[in-house]
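Visitor: I would like to understand how the labels given to side chains and their contacts are reached. Could you take me through the reasoning?

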Amino acid sequence: MNRIKLVHVYRSIVVMFFTLCFGFSAWAGNYRHDKIIVKLKKNISQSNSLKFLGKATTDKQMHLSKSWTKLKMYHFQLHKSQTVEQAIDELRNDPNVLYAEPDYIIQKASVDSASGQKTYEEMMSLSQSEKVYTSEASAQMDFEQIYESVSASSNPTVTVAVIDTGIDIDHPIFVNSDALWRNTGEIAGNGADDDGNGYIDDVYGWNFVDNNGSLYDDDDHGTHVSGVVVSAGIDIFAASMEVSPIKIMALKFLDGNGIGSTSDAINAIYYAVDNGAQVINNSWGGNSYSQALHEAVAYTYTKGVTFVAAAGNASANNDNAPMYPASYDVPHIQSIAATTSSDYLASFSNFGYNSVDIGSPGVFIQSSIDGGGFGYMSGTSMAAPYVSGVSAMMIYYAPSMLGYQIKSLVESSSDYVSPLSGLVHEESRLNPLSSINAAKVANVAASQPGYAVDGGTRAVASEEAGGCGLVTKLQADFNKNNKQGRMTGKSFGKVFLIVVVLSLPFALTLYLRSKDPANRRAYERFQLDSAVTLSVGGKQLKGQVSTISLGGAQVDTQALLENGGIVKMNISSPDGKDLIEVEGHVVWAEDGKSYGVKFAEATSQTLNQISNWTDNLEKAS
Ligand code: CA
């Protein structure tokens with residue numbers, strides 16, 4: 001365990017600033033001060049609905065921004081004389097109204113801006129080993145076989161909706177691989193809604209921020225996430241690219257600061273489902289429960305769509321502080337934590353034994369950014385699209401599988417990794433090849449349990465409802481001993497069957513790995529007095545390392561480090577003859593001169609080196 005220390009007072013101002021810019025927590029309960037979402041009761045007649053609308057727009061002078069007519073749901077802009085609180089209080093007393101809620105603000109789920117940027121040409125000039133840094137960040141994830149298998153097949157493509165900050169539609173990786181979804185019913189630039197879906201010139205998707213078909217990305221986030229999704233099917237760094245089996249439907253609802261509103265997220269979700277997306281990637285979230293958003297996610301479930309959500313980046317336990325949409329109790333949601341290359345939970349990642357499903361790589365992930373180049377980003381935002389991409393590839397080979405079944409198979413095919421023990425429900429990390437191979441041979445009955453929205457979140461409901469409840473969890477449960485209780489899923493009644501053959505040698509390997517003594521001593525700290533060079537935002541700083549473990553180091557330096565910030569460290573060995581390079585996040589600070597850095601990115605080689613050093617070091621008190 002890392003020691004927890006009090007952060008110096010003036011430093012907490014820096015932390016607060018960082019939280020406001022990059023964290024989720026600051027947005028808890030934050031909402032648009034001029035908008036509300038209202039849903040009328042199901043049995044209200046058409047004439048009463050119209051009467052209600054007439055009253056709202058004339059008496060209350062509210063402006064109708066959007067109606068979801070079939071759902072009897074409306075998005076209003078309030079007259080400037082009225083507050084959201086007043087409007088909601090009044091509407092809740094209206095006998096026609098089922099619910100009225102604020103239009104909550106939600107945010108992207110990455111922790112940083114793109115770093116280490118390269119142009120497309122620079123990327124292409126790198127050697128193969130330098131290019132595949134992404135797979136290094138994904139440790140045990142083997143994409144080569146997946147790529148080979150794709151190039152030999154000609155199945156129908158799979159559409160993944162990326163609900164995000166937009167996309168650079170001219171980026172070479174999307175152009176060269178033909179990876180963009182196209183609305184075949186729409187004629188570009190004729191100013192008409194050719195396919196009658198309610199959106200004019202929605203050729204590649206829709207921009208819900210500006211209400212048009214222009215899909216620029218003023219943040220990089222959506223372009224990066226989309227590149228990660230596509231990378232599950234083809235090598236996005238290859239000089240000569242295959243045709244992508246995955247098509248990206250870009251739906252922009254987050255602005256240039258990565259901020260958007262619940263109403264636009266809802267619009268994007270309905271658009272995605274109604275225009276044929278089979279997978280929806282959601283690298284965003286917020287802390288406020290919205291029934292309207294919950295119902296939109298439930299709609300994706302009834303339509304068999306796969307729904308993947310980032311667990312969030314507040315280092316928080318989602319069991320106690322739910323993050324939406326990841327934490328809704330809809331049975332098909334895949335809630336994804338971020339892991340390091342060595343399968344530890346990333347320091348920023350949210351977790352939750354009852355509410356987060358698996359881990360997936362999310363630290364220093366290299367992918368496409370706006371303007372045609374590449375860069376590294378970290379976050380559960382980067383972890384989720386690996387799962388979305390892999391889910392899409394499973395559908396590529398097993399088109400009839402429902403989102404609920406995809407989730408089941410992703411989980412049962414994931415790799416047990418001991419550092420995730422107790423932190424995520426499957427205690428495992430995504431295994432792309434195993435998941436796709438399992439889908440290729442799965443026998444699937446096309447049915448799923450019924451589901452009704454009743455305000456449940458998985459943190460609260462999972463023990464009762466068997467929340468992520470499923471099927472064949474043999475591999476994961478093998479290592480779980482006494483924890484299977486909640487997985488019976490009895491309240492879901494009859495469950496369909498997926499036949500997965502359990503490989504005994506594989507399970508045995510997992511079992512032996514879980515017994516590895518190296519895992520148990522992971523956080524024992526040792527005294528060290530070694531020089532360290534810190535790289536922070538392109539600057540080189542000097543310091544001393546006073547203690548070290550396999551999980552992190554205490555660094556003493558006169559330089560100011562920001563809590564939560566990413567630092568690259570070159571640490572000298574005790575004898576000064578050797579050097580390790582390791583990356584991490586600042587997790588505590590004391591008196592502006594001593595910092596705790598938790599390793600976020602350590603190769604197994606590095607961990608071995610540290611392990612060798614500590615053989616001759618004294619334990620820290
Ligand atoms: Ca249209």
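Visitor: What makes Arg 182 count as buried, partly exposed or exposed?

Guide: This is a predicted model, and in it Arg 182 has a relative accessible area of 41%. Because buried means under 20% and exposed over 50%, with partly exposed in between, Arg 182 is called partly exposed.

Visitor: Why is the contact of Asp 178 and Arg 182 called a salt bridge?

Guide: The side chains of Asp 178 and Arg 182 meet at 3.3 Å, N to O, and because the cut-off is within 4 Å, the pair qualifies as a salt bridge. Asp 178, at 34% relative accessibility, counts as partly exposed.

Visitor: How do you know that Asp 415 and Arg 429 form a salt bridge?

Guide: The closest N and O atoms of Asp 415 and Arg 429 are 3.2 Å apart, and the limit is 4 Å, so the pair is listed as a salt bridge. Asp 415 lies in strand S17 and Arg 429 in strand S18, so this pair ties together parts that are 14 residues apart in sequence. Both Asp 415 and Arg 429 are buried.

Visitor: Which residues are joined into one network by salt bridges that share partners?

Guide: That network is made up of Asp 357, Lys 407, Glu 411 and Arg 458. The structure holds 13 salt bridges, including the one in which the side chains of Arg 32 and Asp 34 meet at 3.6 Å, N to O.

Methods. Residues are numbered from 1 along each chain as its sequence is written. This is a predicted model: local features need pLDDT of at least 70, side-chain atom pairs count only at pLDDT 80 or more; totals for chains, interfaces and linings use all residues. Side-chain values use heavy atoms; hydrogens and water are left out. Buried means under 20% relative accessible area, exposed over 50%, partly exposed in between (1.4 Å probe, protein chains only). Helices (H or I, at least four residues) and strands (E, at least two) are DSSP runs, numbered from the N terminus.
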